[in-house]
Amino acid sequence: MFERLTKDARAVIEGAVEQARSGGARTVDAEHVLLALLGSEGGRASFALSALGLGESRDAVREAVGEARRRAGLTRAEADALAGLGIDVREIVARVEEAHGVGAMTGDAGSPGRWSGGRPRFGRGAKDVLERALRVALGRGERSVGGEHLLLALTVLPGVAGEVLADFGVTFEEVTRVCPPAHSARSAEK
């Protein structure tokens with residue numbers, strides 16, 4: 001799989017590893033890929049995010065991801081469903097953080113850079129992003145996986161990253177509109 005990643009996509013994945021490591025996370029997750037995409041420059045994903053207005057909203061996106069991580073990675077839809085059962089996630093988070101400190105439910109543990117064996121571990125969310133990105137690339141008739149494919153994968157997978165992107169108007173359809181498959185861009189030039 002990694003041999004199919006473009007230089008841009010490799011940089012995003014390395015950025016996701018650094019996001020996880022610096023945040024003290026045990027594993028690299030989909031949210032780390034999103035945060036790394038926000039910090040990437042010069043690739044098709046960066047262009048798409050800027051074209052869709054996310055360039056000015058980077059801090060708000062980071063804040064939304066941080067809030068979701070404080071809720072143990074629950075999406076708002078999941079928190080709302082629990083509220084329907086009489087479970088107030090905000091109250092639970094407040095009590096846990098009162099007893100154990102802010103961010104106690106993030107799933108992050110230890111100090112930054114302290115991973116067992118020194119190697120990053122990819123959580124199910126990050127693995128799903130990589131797998132879906134490959135499927136998206138192949139579905140678009142492209143042989144390699146670029147940053148735009150990682151972004152497209154995030155928009156269709158359930159979870160916090162997709163929810164946050166949708167909240168800011170970044171959907172699969174919108175990304176495809178501003179970042180069409182490479183072969184269709186070449187066809188249009190002829």
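A salt bridge is a side-chain nitrogen of Lys or Arg within 4 Å of a carboxyl oxygen of Asp or Glu. Keep that in mind for the second half of this talk.

First, the ground rules. This is a predicted model, in which local features need pLDDT of at least 70, side-chain atom pairs count only at pLDDT 80 or more, and totals for chains, interfaces and linings use all residues. Residues are numbered from 1 along each chain as its sequence is written, and side-chain values use heavy atoms, with hydrogens and water left out.

I will start in the middle, with helix H2, residues 30-39. Helices here are DSSP runs (H or I, at least four residues), numbered from the N terminus. Nine of the 10 residues of H2 are buried, so this helix is largely enclosed by the rest of the structure. Buried means under 20% relative accessible area, exposed means over 50%, and partly exposed is in between, with a 1.4 Å probe and protein chains only. The buried residues of H2 are Ala30, Glu31, His32, Val33, Leu34, Leu35, Ala36, Leu37 and Leu38.

What do the buried residues of H2 pack against? They pack against helices H1 (7-22), H3 (44-51), H4 (58-70), H7 (124-139), H8 (147-156) and H9 (160-167).

Now the core. A nonpolar core is a set of buried Ala, Val, Leu, Ile, Met, Phe, Trp, Tyr and Cys residues joined through side-chain atoms within 4.5 Å. The largest one has 45 residues, and Leu34, Leu37, Leu150, Leu151 and Leu154 have the most contacts inside it. Two or more residues each come from H1, H2, H3, H4, H7, H8, H9 and helix H10 (172-178). H2 gives the largest share of this core, seven residues. In soluble globular proteins, nonpolar side chains tend to be buried together.

Take Leu154 as an example. Contact means heavy atoms within 4.5 Å. Not counting residues up to four places away in sequence, Leu154 touches Ala30, Val33, Leu34, Leu37, Val129, Ala161, Gly162 and Leu165.

Next in sequence is Thr155, in helix H8. Is Thr155 buried or exposed? It counts as buried, at 16% relative accessibility. Its side chain reaches the backbone nitrogen of Phe172 at 3.5 Å. Leaving aside neighbours within four places in sequence, Thr155 is in contact with Leu165, Val170, Thr171, Phe172 and Val175.

Back to salt bridges. How many does the structure hold? There are six. In one of them, Arg124 pairs with Asp128, the closest N and O atoms being 2.9 Å apart. Both residues lie in helix H7, four residues apart, about one turn of the helix. An α-helix has 3.6 residues a turn, so residues three or four places apart point the same way. Arg124 also forms a salt bridge with Glu131, with the closest N and O atoms 3.2 Å apart. Arg124, Asp128 and Glu131 are therefore described as a network of salt bridges. As for accessibility, Arg124 is partly exposed at 48%, Asp128 is partly exposed at 27%, and Glu131 is partly exposed at 39%.

Another salt bridge joins the side chains of Arg140 and Glu142 (3.5 Å, N to O). Arg140 counts as buried at 8% relative accessibility, and Glu142 is buried at 9%.

That is what I have on the core and the salt bridges.

Conventions. A polar contact is a pair of N or O atoms within 3.5 Å; within protein, one must be able to donate a hydrogen and the other to accept it, and residues adjacent in sequence count only if both atoms are side-chain atoms.
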